[in-house]
Amino acid sequence: MSRSFTLDISPPQYHGFSNELDKSAFHKSLSVLAARVPPSRTGFFLRNDQLKNSILDLPKIRTVVPDPSNPSGDRLILLRASGKADLSNAARSFLEKEAVGLVNYNIELTYDYWTADEILQSFLPENLREGSPTGFAMTGHLAHVNLNEEYLPYKHIIGQLIMDKNPRVKTVVNKLNSIDTQFRFFKMELIAGEPNYIVEHNESDCRFTFDFSQVYWNSRLHTEHDRLVQWFNPEDVVADVFAGVGPFTVPAARKGCAVLSNDLNPNSAKYLLKNVTDNRVSDLVRVYCEDGRDFIRAAVRRVVEQPFAPYTGPRLSRTQEDKERRQGQKRTGEGKAPEPRFDPPAYRKRISHFVMNLPDSAITFLDAFRGILASTNDRDLSGVYDVMPMVHCHCFTRELEREKAKVEILQRAEEKLGHPIVEDVTLHLVRSVAPNKDMYCISFRLPRAAAFSMVE
């Protein structure tokens, strides 16, 4: 019979300062029994049925290590035992017969061995250990956390842990409760790393650059960005009312859509323009920096007066563009006529989708749609808008049952629009943002009566 053997691999309790982490305090030495074997026979030992339950199996610890007394000679197979008494009779008999010898081996565990959560558990008070905040959202090189008040005394250690355990992270910030009331981005504080808030982030095969401290960005919304963009057809015109730095605009344009893109925040508009340029969709996107209500009212007129070029197929890569240009130059040099092209479709004058991704207040802007297609300046838009645009409006609700949420959101939307919403209505749960608060997107066909109503 073998006696029970367990190894305590938890980190030692930390008793240092709460605002700075002493990594050297995290060290533990574990003594285990090891079998000395020739290098050529390690496989034989590891596969043996009599030994398999006695071989040490710890995360991130090698089972076979060089013999410290002769690094270029025998190997040591680490065992789940501190002495012979911990081994089963079968394992002990096998080792006495086959191993060169049994020795004690010290496993040295240091700060690098343990996870951020394991280390956090070692220094937090016991009443704070459950639900310890090691989770974070990653945007470029920047990690951002949202610490509850009780964890704020440990914020610098938490930030250091996140950086140490995630090599890509260079900056860690904690979001504060205060929100910029005009532009709706979160205030934040630096808790670890360098104060570099200009990030480069990849999403939906697009590259985005922006100042994380001055604009709104939420990496958790990438599935919502993809969902709506998949709804669009390449030939569509999209009006992105609260565009931010372009998470809907740029992928839609990369797909082929023409986009009117707007944000009231000058910093958002600046980086939106940069992202449009960097992703090579400048010919398909027009950037504005104005109030959302004014943008909605002007969008239809802008597209009618300055229509977008027609969609002519998937965008060519730089390599394909170079190849076509060389082929054209070759044909010209040979005196041949250019290859014939089909007549392009008509210019794009009709907006197919309005995206309103400002969940805190987007519904309050729906009144701007009243009368946007009413005849003005001797223009009759009924022919252009034979099919009415879809409106995709994000919002929050505290109704947690889906049917109640739909009734509540639809009622608010109809009150602002001033007309019943009945055609192509869908409600999509985007995410839960708090225990009693959900984010939805209501999509509907803009009522013709609302769009063509005469507004005094």
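## Cysteines

In this predicted model, the sulfur of Cys393 has its closest cysteine sulfur in Cys395, 5.9 Å away, which is too far for a bond. A disulfide would need the two sulfur atoms within 2.5 Å, and the structure ends up with zero disulfides.

Is Cys393 buried or exposed? With a relative accessibility of 0%, Cys393 counts as buried. Cys289 is another story: its relative accessibility is 41%, so Cys289 counts as partly exposed.

## The seven-stranded sheet

Cys393 also gives us a way into a sheet, as Cys393 stands opposite Ile442 in E17. The strands involved are E15 (residues 390-397) and E17 (residues 437-445), which pair in the antiparallel sense over eight bridges.

These two belong to an open sheet of seven strands, ordered E13-E12-E11-E14-E15-E17-E16, and the pairing is mixed. At the edges sit E13 and E16, each pairing on one side only. Going from one strand to the next, the twist averages 15°.

Which helix lies across part of this sheet? That would be H7, which lies across strand E12 (258-262) and E13. Relative to E13, H7 runs at about 165°.

## Two loop residues with positive phi

If you're scanning backbone torsions, stop at Arg280. Its phi is near 60°, a positive value in a residue other than glycine. Where is Arg280 found? Look in the loop between helix H7 (266-278) and strand E13 (285-288), so this residue follows on from the helix and edge strand just discussed. Arg280 has a relative accessible area of 23%, and therefore is partly exposed.

Asp424 has a phi near 55°, again a positive value in a residue other than glycine. Asp424 lies in the loop between helix H10 (402-417) and strand E16 (426-434), and E16 is an edge strand of the seven-stranded sheet. With 40% relative accessibility, Asp424 counts as partly exposed.

## The four-stranded sheet

Another open sheet has four strands in the order E2-E3-E1-E4, with antiparallel pairing. Strand E2 (64-67) and E4 stand at the edges with a single partner strand each, so each has one side without a neighbour in the sheet. Neighbouring strands here are turned against each other by 50° on average, direction ignored.

How many bridges join E1 to E4? There are ten, and the two strands run antiparallel. For a specific pair to click on, take Ser29, whose bridge partner in E4 is Glu108.

## Helix H2 and its two sides

E1 and E4 turn up again in the packing of helix H2. The buried residues of H2 (residues 89-98) are Ala91, Phe94 and Leu95. Why do they count as being on the same side of H2? Because the arc they cover around the axis is only 95°. The general geometry helps here: an α-helix has 3.6 residues a turn, so residues three or four places apart point the same way.

What do these buried residues pack against? Their partners are strand E1 (27-37), helix H1 (42-47) and strand E4 (101-110). Over on the other side of H2, Glu96 and Lys97 are exposed.

How values were computed: Residues numbered from 1 in each chain as written. Predicted model: local features only at pLDDT ≥ 70, side-chain atom pairs only at ≥ 80, totals over all residues. Heavy atoms only, no water. Buried < 20%, exposed > 50% of the residue type's maximum accessible area, 1.4 Å probe, protein only. Pairing = 2+ DSSP bridges. Axes fitted to C-alpha atoms, helices over the stretch in contact; angles between N-to-C directions. Contact = heavy atoms within 4.5 Å. Arc of directions from axis to C-beta.
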